[in-house]
Each structure stands twice: as structure tokens, then as C-alpha cells.
Amino acid sequence: MDMAGDTQLLIKKQTNGLEKDMLLSYKLLCEKHSLDDRTSVYDTNNKVSHLMAERMKQICSNTSINNCAYKLETYDKPTYMHSVRVAVLCMIIGKLMNFDKNNIIELGIAGLLHDIGKLLIPINIITKPGKLDEIEKILINSHSASSAYYLRENYTSISKNVIVGVVEHHERLDGTGYPRHLKGNEISLIGRIIAVADIFEAYSSNRSYHKARTITETIEFMQKLNGLDQRILNLFICHIDKNNNVIALY
Ligand SMILES: [Fe+2]
């Protein structure tokens, strides 16, 4: 059973809010990182490409997804904004990997809901600026499993692919991730894509515990991470302009 139950008006309002946030994040990400316009993110009039906007609209018109996003937004706005940007980055990567429409939509949903389990963690731990103690670390590291649990229990319309991506977004190719310490191909493609988008976003944005790194610092840091799928990272960074020069390889 889905947890939809709010009034149509609220749903409509939130639908528009989430969609607006996704479109704006899309625009800002592309401008900030000068994503190559051959990704068709923008047309020549600087408008978000019709197709990508259409896919975002589809995601945002789903009542369950909207409810989830709204709960996250009201619980912890920075995590919500992080999730919106991760969703957008996942969709861009999906497009670069020539995923079909449905898979790009699933990537967007998984990116948007990958941290939903943080709803189950006390807010003072999520927003703690200093070092976490051992118990707090365990709680924080439980969030990918609890995100999947939360979605499975409350939102049965969410696809299995999305759930798999959500639970595996902190798994690492070298087995150092969590919750199941999966290795290499044991980790789903969707989980590996969210991992790249998640780290890219987290590292290059201001967080309660660190300042935003530059795009060059972010890429250099990510290239040293053995646990990330470097093929996905390379494909993505080929479309990023570090010095106002497009570095597209095709
Ligand atoms: Fe996470």
C-alpha cells in the first residue's frame, strides 16, 4: 500500500516544488561544471532539453516519490537538496551511457531516494558538524540499508531496480563499502552510478563538515578511489569543462 494520502492540492504544490528543484539543479550543475552541451542537457536557447525535462516531470508526477521527497525536505533540507542533485547527476550519467527512457527515470528516482533512510536517524546526528562517535557512525552507515527497507515497506510501487541501487550506493568495488561488502560485479550498475554521482555531489558541495572543493580537486580525489567504477567516472568527467574548455572525447 502506498502512503499517498495528502490532499491533491498539497501533492500538486509539492510536485511543482520538486520539479522546479530538479530543473534548477540541472541548470546550475550544467552551468557550474560547464557540462558539454552535446549531452543535450540544454538546447541553444539555454533551456533544459525537452526530453530530460519530460523525464523529470514523470518522476515528479509520481505521488509516492513526491511524498518521500517532501518528507526528506521537511526533515533535513540539505540532504534533500543533495538528493535532488544526485538524481540529476544520475540521469545525466544514464544519458551519457545511452540508457533508455525507463532506465533514466529509474536512475533519477534512485538518486532522489538514495538517502531516504536518513529519516530514521536523529537529526542531531545527521547535522553534527564534528566527528561522529562509534555509535553515531554505525547509525549513519545503516542509512543505505534502511533506505531500502523504508521504501520496500512503505512504497510498494517503487521498482526492485531502484531498491537495489539505493541499498548498494555505498558498496565499493574493492569490498570496503557497506552494508554487504560486495565486490566488483556483485554491485549493480545502478548502485555504481549512484556512488559516482553521490561522491561527486558531496565532495563538490558545502556540507556541515566541510567546504565545497573545486571541480579539479573533486575529480582528482575521485580518481584515486579504488572502490569507484572508474569507467563511469571517466565517462562523466569527459563531459566536464574544468577550465572553460570543453573536454568532450567524442
Ligand atoms: Fe548515502
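Where is Pro179 found? Pro179 lies in the loop between H9 and H10, and the peptide bond that leads to Pro179 from Tyr178 is cis, with omega near 10°. His181 has its place in the loop between H9 and H10, and its phi is near 55°, a positive value in a residue other than glycine. Most residues other than glycine have a negative phi, and most peptide bonds are trans. His181 is exposed, since 12 other C-beta atoms lie within 10 Å; a residue is called exposed with 12 or fewer other C-beta atoms within 10 Å of its own, buried with 20 or more, and partly exposed in between, the C-beta atoms being placed from the backbone.

The structure is a predicted model, in which local features need pLDDT of at least 70 and side-chain atom pairs count only at pLDDT 80 or more, while totals for chains, interfaces and linings use all residues. Residues are numbered from 1 along each chain as its sequence is written. For the protein, the mean pLDDT (the predictor's confidence in each residue, from 0 to 100) is 84, and 81% of the residues reach 70 or more. Among the elements, helix H1 (residues 8-32) has the lowest mean pLDDT, 68, and helix H9 (residues 160-167) the highest, 97. Over residues 36-47 the pLDDT stays under 50, and the model has 22 contacts beyond four places in sequence for this stretch, a contact being a pair of residues whose C-beta atoms, placed from the backbone, lie within 7 Å. Residues 244-250 also have pLDDT below 50, with eleven contacts in the model beyond near neighbours in sequence. Where pLDDT is low, the predicted coordinates should not be read in detail.

The protein has twelve helices and zero strands, where helices (H or I, at least four residues) and strands (E, at least two) are DSSP runs numbered from the N terminus. Of the 250 residues in the protein, 38% are buried, and among contacts between residues at least 6 apart in sequence, 68% join residues at least 24 apart.

Helix H8 (residues 143-154) packs with H9 at an angle of about 160°, and their axes are 7 Å apart; axes are lines fitted to C-alpha atoms, for helices over the stretch in contact, and angles run from 0 to 180 degrees between N-to-C directions. The two helices, H8 and H9, are therefore roughly antiparallel, a term for angles over 145 degrees, whereas those under 35 count as roughly parallel, those from 65 to 115 as roughly perpendicular and the rest as oblique. Residues of H8 that make the contact include Ser144, Ala148 and Leu151, and those of H9 are Ile163, Val166 and Val167. The buried residues of H9 are Val162, Gly165, Val166 and Val167, and they pack against helix H5 (101-113), H8 and H10.

In H10, 13 of the 16 residues are buried. Helix H10 (residues 189-204) should span 22 Å at 1.5 Å a residue, and its end C-alpha atoms are 23 Å apart, which agrees; the expected span is 1.5 Å times one less than the number of residues. Ser204 has its place in H10 and counts as buried because it has 20 C-beta neighbours inside 10 Å. Residues up to four places away in sequence aside, Ser204 touches Ala212, Arg213, Ile215 and Thr218.

How values were computed. Contact = placed C-beta atoms within 7 Å.
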